[in-house]
Every structure is written in structure tokens, then in C-alpha cells.
Amino acid sequence: MSMVIANNLSALGALNTLNGNTNSLSKALKKVSSGQRINNAGDDSSGYAISEKMRTQIRTLDQDRANVQNGVSLCKVALGGLENVKESVARMHDLAMQSTNDTMTDFDRQILQKEYDQLKDNIESIVYETTFNGIHPLYPAEGISSGKPHFLPADIVFIIDTTGSMSGAIARVKANIENFADSLAAAGIDYQFGLVSYGDVLSGDPLTKKDFTADITTFKANLEAMPATTGGDSPESGLEAIMDPTDGALSFPFRDGSVKQFIVVTDARVHYKGDGTASTYTIEETNAKLKEEGVKLTYVTEPDTPYYKPASHWHQIADGTGGMEIVSPGRLDSYDFSIMLDDYARKISVESVADGEAENWLYIQEGTKANQTITLHVYDNRLAALGIGDTKVNPMEAAHLAMDKLDAALEIVLSHATTWGATASRLEYAESNIVTAHENTTNAESIIRDADMAMAMTDFTKNNILTQAAQSMLAQANQNSSNVLSLLQ
């Protein structure tokens, strides 16, 4: 190589190498100091984009877990309150039982009544004072039209078996229908009742249909006009009473947006197409049609016996449509329909709450996407909603009446408690799933972004040595240029 001084090419080459080594050393130093292979998009653009998406997902999983944990805490607060309500109701039941004993004097019952009243006040206090971050999980919050939720209209069709054995049951429905209507009205539900009766298929008993009415006097008159026939209990046209296009329950003109409910009262089983009777319809197509129309069917019947199973198949329709299954403890003609109708009124009240009522629903976010929520209905556990607000244990007659209502109230409280408990369990499973997803996503993001520290230190050491070597060679190149001066002496 010729000796020149205008351009120190050796030094220039050494300088470029030094700059490259310095840049590599700087990157290696950043990886070692941060512990990350990718510190910016320039290190690995595609890896950086994937990693940032995963980091966002990890952050949302962290918040999701916090949401779910808060939801579990809310459920536990509600369960704690309901446990205290349950204990109070149970104690009230004890007092009612004690009051019905003739060993108690009138003075004793007055003392019991004082404790009973304190327990009633305690239930109201528990319900109002059970809160989580200002949220009341044991009763719908105030705010909608004088504190009452907005209910959808309810169109209810009673489907009555009028065969000979049903006369007592029909009379009991008629005797209790007024209180049932009053319960719906008290809740603010715009109801109307329709009526269909049916008898035997082979006997040619016609279906009888009475139009919708909101007038209870008219409805009771319609029931009065449907006396039990002299026919037997088999085979019967229950499915015709539902499905017949002219006189069946599905032929009623339901209001837009109404909650549609059918309630069948019978002491006989379902007779359907294919079981050897003259029925026109199958259980499957009946179920499908009710689902299509958004109708929930509830049935009331007698307990099964070895040779006579009135609940057989009816439960398939009730289960399939989300209705209730009510089996009396004994013969239907001696069954107390008042309790059943009270329970049914509460069910309708819950199902008639208009969608979107923020005061009656709570939403727990359990996923990282929109609308991945668990919906909780805020049930009312106040005395009036439990049906025990007007109960007493003095005198003895009042205590007898109170016992039935307290039994029903206890079932309601337990039902609400199991709902909250099941939700808490579901949320705990959701949290476990979130933790697993968080761990796996973090692991995947680590593989993409984190530095292999052994390799990073190796690169750092290598680049550090190369940088020092380039510095030394740059100095040597500059020294070589000065040798030209010896030619000029």
C-alpha cells in the first residue's frame, strides 16, 4: 500500500469498525441492563408488534382478574347478609311454632310477638345495610318511578283439566285467583288472564276458550262456567289445549313485548301422539313451538304413584321452557293453591322485569372482550317481597298462618342464597382460568421479548473486546501516518 497523507484510509477503516463495534456494544449493553432482547421496534419489528399486543392482553387480564375478585367479594357480602336473613326467618318460624302450642298463654304470646317484631325489623335492617361499595345486593336500588322497577306486561293463560276428578281443584283455583291477581297488581305488573279448558280426547270433550281479561270477576265467572265433566282421566287432550290453532292457548293474541306464561292444572299425565291415544301432537313439537313463541309453561299436578304418573312428561315441557314444576303433597282437590300462586306470582314478577333495568341487574366483567359478562339479578329480600311483612304470632290463628308464609319465605331466601353462591363459584372458576391465561400469555411474551442473559453477556463481552481492539487499531493507524514524516527529513 502506498504511503499517503491526504487520506488516512487505514484510520478511516479502523474508525468505521470502531463505530460499528461501539453501536453493537451499546445494543448489547441495553439488552443486559434491561433483560430484554427487544427494546424498541428497531430491534425486531414483527416481534415488537406481537409482544406489545401480548402486553396489552396481559394488562387486560390483570384488570379482568381484579374485576372478578371484586365480583366474588360482592357475592360473599350478599351471602353473608342472606345468611343473617335466613337465621332471622328461621327464628321467626320457631316463635310461630311455639305460639301454636296450647301450653302458651296469651301473655306468653304477647312476649313472643315482641321478639317476632324485632326480628322483622332486623331483616329490614340487614337488607338495607348490606352494601358493597355503595351497591345494595339484597334489594333493587331506588330510582325508577317511586322506587319500583319497570315491569313488562304479563299475558297468562290458565289451561285447566276439566275431567271429573278436577272439580275440587278448579274450585280452589277460583278461590285463590283474586289474591294472585292482587300480588301481580301490587308489583306493578299489567296482567291479563286467558282460560282454556280440556277434557278427554276420545270422549269428544271440546276445548273451551275464554278471551283475555284483566277483570277478576269476569275471570272467576269464566272458571265457574267450566265445571268438571263426567269423563275419566285418560286419555286427555292437554297438548291440544296448548297447540290447537283455533282454541288452544297459543291462539291467544299476545301483546307485543309481553311475558307469556301458561299454567296447566291437571291430575293426569300427558297424552301425546305416538302413545296409542288420539292426541294430534308430540311433546317434542309442543316444546319447540312454545320455545319459538317465547312461552314458559308451568304445571301443577299430583305426585306420581306406581301405576299413575301425572307428572310424567309434563316436566319435560316445563324444563324445556323454563317454567315451574309444582307437585302437590297429596290429592290435587285438597291442595292449597294459595301458596303455589304466591310462588308463581313471585316468579312472574322476576321474569317480567324489563331488560336493561340497571336498578335490578348487576354485570360482572369476566372476559377481556366487550359483553363478556355475568349477569346478576338483584332480588328483593325485604319483608314484603318475602311475603311475611304482615305476619304475626299472636293470636294462635295468626301464628298458624305465619308458619306457611315463613316456610315459603325461607325457600325464597335459600333460593337467592344459592344463586349468589353459584355465581361466586362460577367467578372463582373464571378467576382460575384468568390466572392460567395470564401465565401462558406472559410465558409466550417472554419467549419473544426477554433476553437470554448468557447469550447477551457473551455478545457484550465480545463487542467490548472488539471495541477496545478497534480503538487500539485506530491509534496504530494514526501512528502509521506519522511515519511519512521520515521521508521529508
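How many salt bridges does a search of the whole structure find? The search finds 16. The model is a predicted one, and the paragraphs below go through some of these pairs before turning to surface patches, contacts across the chain and local backbone geometry.

Side chains of opposite charge can pair when their charged atoms come close. One of the pairs joins aspartate 380 to arginine 382, with 2.8 Å between the closest N and O atoms. Aspartate 380 has a relative accessibility of 23% and is therefore partly exposed. Arginine 382 has a relative accessible area of 15%, so this residue is classed as buried, the limit for that class being under 20%.

Another salt bridge is found between arginine 37 and aspartate 44, where the N to O distance is 3.2 Å. Here arginine 37 is partly exposed, with 33% relative accessible area, and aspartate 44 is also partly exposed, with 22%.

A further pair sits inside a helix. Aspartate 106 and arginine 109 are both part of helix α3, which covers residues 106–129. The two are 3 residues apart, about one turn of the helix, and their side chains form a salt bridge with the closest N and O atoms at 3.7 Å. Their exposure can be read from the accessible areas: aspartate 106, at 54%, is exposed, whereas arginine 109, at 4%, is buried. Salt bridges can also link up beyond a pair, and Glu83, Lys86 and Glu87 are connected in such a network.

Which residues gather in a patch of negative charge on the surface? They are Asp336, Asp404, Asp407 and Glu411. Residues in a salt bridge are not admitted to a patch, so these four acidic residues of the surface patch are without a salt bridge. Glutamate 411 belongs to helix α11, residues 396–449. Its relative accessibility is 54%, and because the exposed class begins over 50%, glutamate 411 counts as exposed.

The surface also has a nonpolar patch. Leu9, Leu12 and Leu15 make up this patch, with an area of about 260 Å². Leucine 9 is located in helix α1, which spans residues 9–34.

Next come places where residues far from each other in sequence approach in space. Isoleucine 123, in helix α3, is buried, with a relative accessible area of 0%. Its C-alpha atom is 7.3 Å from that of leucine 383, although 260 residues along the chain lie between the two positions as their separation.

Helix α11 provides another case, through histidine 438. The C-alpha atoms of histidine 438 and isoleucine 58 are 6.0 Å apart, for a separation of 380 residues along the chain. Is histidine 438 buried or partly exposed? With 24% relative accessibility, histidine 438 is partly exposed.

A strand gives a third example. Threonine 301 is in strand β5, residues 295–301, and is buried, with a relative accessible area of 0%. From its C-alpha to that of threonine 266 the distance is 5.3 Å, and the two residues are 35 apart in sequence.

The loops hold several local features. In the loop between α3 and β1 (154–161) lies threonine 130, whose side chain reaches the backbone oxygen of isoleucine 126 at 2.6 Å. Threonine 130 is buried, at 11% relative accessible area.

Asparagine 133 is found in the loop between α3 and β1. What is the sign of its phi? Phi of asparagine 133 is positive, near 55°, in a residue other than glycine. At 73% relative accessibility, asparagine 133 is exposed, whereas threonine 130 is buried.

The last feature concerns a peptide bond. Between asparagine 394 and proline 395 this bond is cis, with omega near 10°. Proline 395 is in the loop between α10 (383–386) and α11.

Terms used
Residues are numbered from 1 along each chain as its sequence is written. This is a predicted model: local features need pLDDT of at least 70, side-chain atom pairs count only at pLDDT 80 or more; totals for chains, interfaces and linings use all residues. Side-chain values use heavy atoms; hydrogens and water are left out. Patches are made of residues with over 30% relative accessible area and no salt bridge: like charges are joined within 9 Å, nonpolar side chains (Val, Leu, Ile, Met, Phe, Trp, Tyr) within 5 Å. Accessible areas come from the Shrake-Rupley method with a 1.4 Å probe; for residues, only the protein chains shown count as cover. Lys and Arg count as positive and Asp and Glu as negative; His and the chain ends are not counted. The place of a charge is taken as NZ of Lys, CZ of Arg, CG of Asp or CD of Glu. Helices (H or I, at least four residues) and strands (E, at least two) are DSSP runs, numbered from the N terminus. Buried means under 20% relative accessible area, exposed over 50%, partly exposed in between (1.4 Å probe, protein chains only). A polar contact is a pair of N or O atoms within 3.5 Å; within protein, one must be able to donate a hydrogen and the other to accept it, and residues adjacent in sequence count only if both atoms are side-chain atoms.
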